[in-house]
Amino acid sequence: MSANITVSDLSVSFRSARGYVPVVHGISFSIRPGETLALVGESGSGKSVTSMAIMKLLAPAPMTRIEGRAVVTDNQGNPVDLVALDEKQLRHIRGNRIAMIFQEPLTSLNPVHTVGDQIAEAIRFHERLSKAEARRRALSLLEQVGIPEPAKRLDTYPHELSGGMRQRVMIAIALAMEPDILIADEPTTALDVTVQAQILGLLRDLQRKKGMAILFITHNFGVVAEIADRVMVMYAGRIVEEGSVLHVLSSPRMPYTRGLLASVPRLEHAGLGQAELGTIPGYVPDPAAPPAGCAFHPRCAHNKPGICDVEPPELVEVRAGHQLRCSRWQELCLEGGVR
Amino acid sequence: MKPRPLIEAVGLAKYFPVRQGLLARNSAVVRAVDGVDLTIARSEVLGLVGESGSGKSTLGRSLMMLDPPTDGQIVFDDTEITPFSDRLLQPYRKRMQMVFQDPFSSLNPRMTVGEILEMPLRFHAAALDKAGRREKAEQALETVGLPGQYLTRYPHEFSGGQRQRIGIARALILEPEFIMADEPVSALDVSVQAQVLNLFARVRQNMNLTMLFVTHDLAVVGHIADRVAVMYLGRIVEIAPTRTLFAQPRHPYTEALMSAIPMPDSGNRRQRIVLKGDIPSPISPPSGCAFRTRCPYAVLECAQARPPLRLVEPGHQSACIRDDLTLVSPLDAVSEASPTWARAI
């Protein structure tokens with residue numbers, strides 16, 4: 001089956017006083033119908049910038065410079081490159097073929113309009129419908145996202161709803177036009193775990209019914225295991241490891257991925273007075289002054305001068321579908337694994 | 001004989017009036033903390049977990065006498081401090097300090113790190129001269145792993161993790177016996193969170209600290225706490241030594257909370273208990289057991305009386321009347337599922 005979205009060699013730079021600073025370096029991926037791809041990384045890794053660039057929600061040129069391609073299918077079934085489209089053409093695609101949900105639903109919803117009006121507005125923007133018809137569609141959407149007493153909720157305002165309910169409303173708006181692609185940027189980070197479990201379950205159910213592709217941005221590996229089929233780990237604007245969730249979470253090869261996973265407190269050790277958690281020394285590099293060679297080498301326990309600080313490593317395939325960026329991965333595997 | 005606890009709360013309650021309607025009369029109260037009995041032993045770390053709205057932060061702030069309780073007693077080091085005025089409390093405030101969640105808003109942006117760290121000394125260690133204060137501030141910074149020359153810098157020059165270290169240094173500078181940490185790692189990235197948790201574990205050991213660690217994250221609490229109290233709608237529903245709570249939860253809310261934690265165990269999606277709905281409003285909590293409206297095991301009796309917290313085995317208390325339940329522990333699923341490399345760490 002062909003992919004719902006194909007991103008190739010996407011790069012993003014921000015203008016600064018000293019010229020353009022690259023923050024995303026040549027990212028490529030595609031997502032098939034019904035597939036969820038997780039994009040993981042720490043703050044400053046470039047994961048949100050990647051999603052905002054695909055949605056063309058960043059400040060326009062010359063403030064930002066976007067290169068590469070992000071190809072989706074338009075309403076007529078033709079491939080279109082989002083990077084090349086102008087604002088007017090984008091309006092037919094955004095919210096229609098590709099939709100997005102954010103971390104904080106309260107700031108994404110308009111406080112002075114009722115929930116029903118906001119969903120109806122999203123529908124009527126893309127489709128010629130009477131107000132009554134749009135309201136009926138809004139009602140059915142609220143039902144689909146599991147809001148209790150949906151008829152009553154149509155006339156409530158966002159502040160009257162809990163965080164979980166607001167995120168359901170956002171999902172209803174995002175799915176109103178049955179998009180091919182949903183970008184979810186930390187949609188459960190602000191929610192309690194019990195509500196997070198509800199929202200993840202809802203997204204999985206809706207995906208099964210509608211077959212959309214999901215790009216799920218998160219910093220939480222637990223959420224990745226829960227929702228994704230494949231995962232990309234991002235560091236300093238580059239994909240450093242990519243593969244199936246099984247491969248990446250159970251046998252990560254890139255030292256950065258291993259470091260991140262080792263820093264997560266694990267439930268099975270709870271209350272055992274365990275040793276220290278694994279940590280990664282130092283900080284994410286300044287995009288304006290990236291280190292030479294591998295961007296991770298100054299923080300890497302396996303850094304070898306003369307190798308790691310010279311050539312930036314390429315993304316190489318280490319087994320089917322599992323790629324990573326490390327000059328020493330073969331050596332490190334032979335040594336019995338990275339710690 | 002058991003050693004005397006450092007902090008003891010009996011029947012602690014904190015109500016907030018809610019203004020409603022045209023005349024803004026006090027027409028209702030939020031029972032944020034509703035009758036909590038709690039002890040924290042010397043050099044113990046007690047974890048306090050619950051969802052937003054459970055009252056865990058209010059309970060912590062009440063214990064510190066920052067929000068004086070509406071009802072109940074707080075005993076600190078054998079002295080009841082509840083009726084004390086601010087002046088009488090001052091020597092106690094020195095002995096109990098706090099670390100906040102947001103390292104961006106809890107440090108004054110107009111003060112240097114040195115001024116921030118010396119502020120508590122000006123209040124509580126007036127005998128100390130300028131040089132003495134500076135020396136203490138330098139020591140405190142080194143304790144949290146930051147170089148002494150950072151004293152002249154401003155908070156905006158630091159990352160989130162470094163700021164949280166500064167917040168911890170400020171709490172430690174008076175050499176307190178008790179620290180209340182309210183979601184101190186929630187705003188941090190995982191790798192930074194691990195550094196700060198390791199720091200807490202280290203200073204706790206070195207300074208023989210007693211701590212109340214308030215968080216919504218059960219995995220964090222499992223790592224740092226000796227005992228864990230689980231809170232729901234203003235009440236403690238279960239309290240047990242950490243390993244016991246994770247291995248043999250006795251309250252259905254604890255079971256559900258633990259079941260909802262997503263864990264990075266690939267390929268092994270556990271069967272979950274997904275609770276329906278949200279936490280009810282603390283203005284009008286359900287009758288009887290407050291959790292019964294979301295509880296998968298609720299029976300008619302649950303609506304009748306508020307179940308008291310009672311001993312189910314030594315050191316383990318639960319407020320559930322259903323002794324017949326066998327609840328699921330997250331450890332049942334993880335032990336075989338965790339990848340070999342992770343077990344080796």
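In this predicted model, A:Asp180 and A:Arg97 form a salt bridge through their side chains, with 3.1 Å from N to O. A:Asp180 sits in the loop between α7 (163–175) and β7 (181–185) of chain A, and A:Arg97 in the loop between α2 (87–93) and β6 (98–101) of chain A, so the pair ties together parts 83 residues apart in sequence. Side chains of opposite charge can pair when their charged atoms come close. Over all chains, the whole structure holds 35 salt bridges.

**Two backbone details in chain A**

Two loops of chain A deserve a look. The peptide bond from A:Ala61 to A:Pro62 is cis, and its omega is near 5 degrees. A:Pro62 belongs to the loop between α1 (47–54) and β4 (64–73) of chain A. A:Glu149 has a positive phi, near 45 degrees, although the residue is not glycine. A:Glu149 is placed in the loop between α5 (131–144) and α6 (150–153) of chain A.

**Domains of chain A**

The domain assignment splits chain A into domain 1 (5–228) and domain 2 (238–266 + 277–334). The domain centres, taken over C-alpha atoms, are 29 Å apart. A separate record comes from UniProt: an unreviewed entry annotates residues 5–261 of chain A as "domain: ABC transporter". That span is 39% helix and 28% strand. The C-alpha atoms at the ends of residues 5–261 lie 29 Å from each other.

Where do domain 1 and domain 2 of chain A touch? In this contact, 13 residues of domain 1 meet 11 residues of domain 2. About 1200 Å² is buried between the two domains, and carbon and sulfur atoms give 71% of that area. Three residues stand out on the side of domain 1: A:His25, A:Glu42 and A:Phe221 supply 46% of the area that domain 1 buries against domain 2, more than any other three residues. Between the two domains there are zero salt bridges. Two residue pairs are in polar contact there, both residues at pLDDT 80 or more.

On the side of domain 1 that touches domain 2, β2 (19–31) and α9 (221–227) of chain A are the elements that give two or more residues. β2(A) gives the most, with five residues. By class, this side of domain 1 has nine nonpolar, three polar and one charged residues.

**Chain B against chain A**

The contact between the chains draws 45 residues from chain B and 51 residues from chain A. Together the two chains bury about 4300 Å², with 58% of it on carbon and sulfur atoms. Across this interface the count of salt bridges is zero. Polar contacts are present, in 12 residue pairs with both residues at pLDDT 80 or more.

Several helices of chain B build its side of the contact. α6 (190–207), α7 (218–224), α8 (242–247), α10 (330–337) and α11 (340–344) of chain B each supply at least two residues. α6(B) gives the most, with eight residues. The residues on this side of chain B divide into 21 nonpolar, 14 polar and 10 charged.

The buried areas of both contacts are set out below.

| Contact | Buried area | Share on carbon and sulfur atoms |
|---|---|---|
| Chain B and chain A | about 4300 Å² | 58% |
| Domain 1 and domain 2 of chain A | about 1200 Å² | 71% |

Terms used. Residues numbered from 1 in each chain as written. Chains lettered and ligands numbered in written order. Predicted model: local features only at pLDDT ≥ 70, side-chain atom pairs only at ≥ 80, totals over all residues. Heavy atoms only, no water. Contact = heavy atoms within 4.5 Å. Buried area = accessible area lost by both parts, 1.4 Å probe. Salt bridge = Lys/Arg side-chain N within 4 Å of Asp/Glu carboxyl O. Polar contact = N/O pair within 3.5 Å; in protein donor to acceptor, adjacent residues only side chain to side chain. Helix = DSSP H or I, 4+ residues; strand = E, 2+ residues; numbered from the N terminus. Nonpolar A, V, L, I, M, F, W, Y, C, P; charged D, E, K, R; others polar. Domains from an automatic or database assignment. UniProt positions renumbered as here; feature names shortened; annotations may be inferred.
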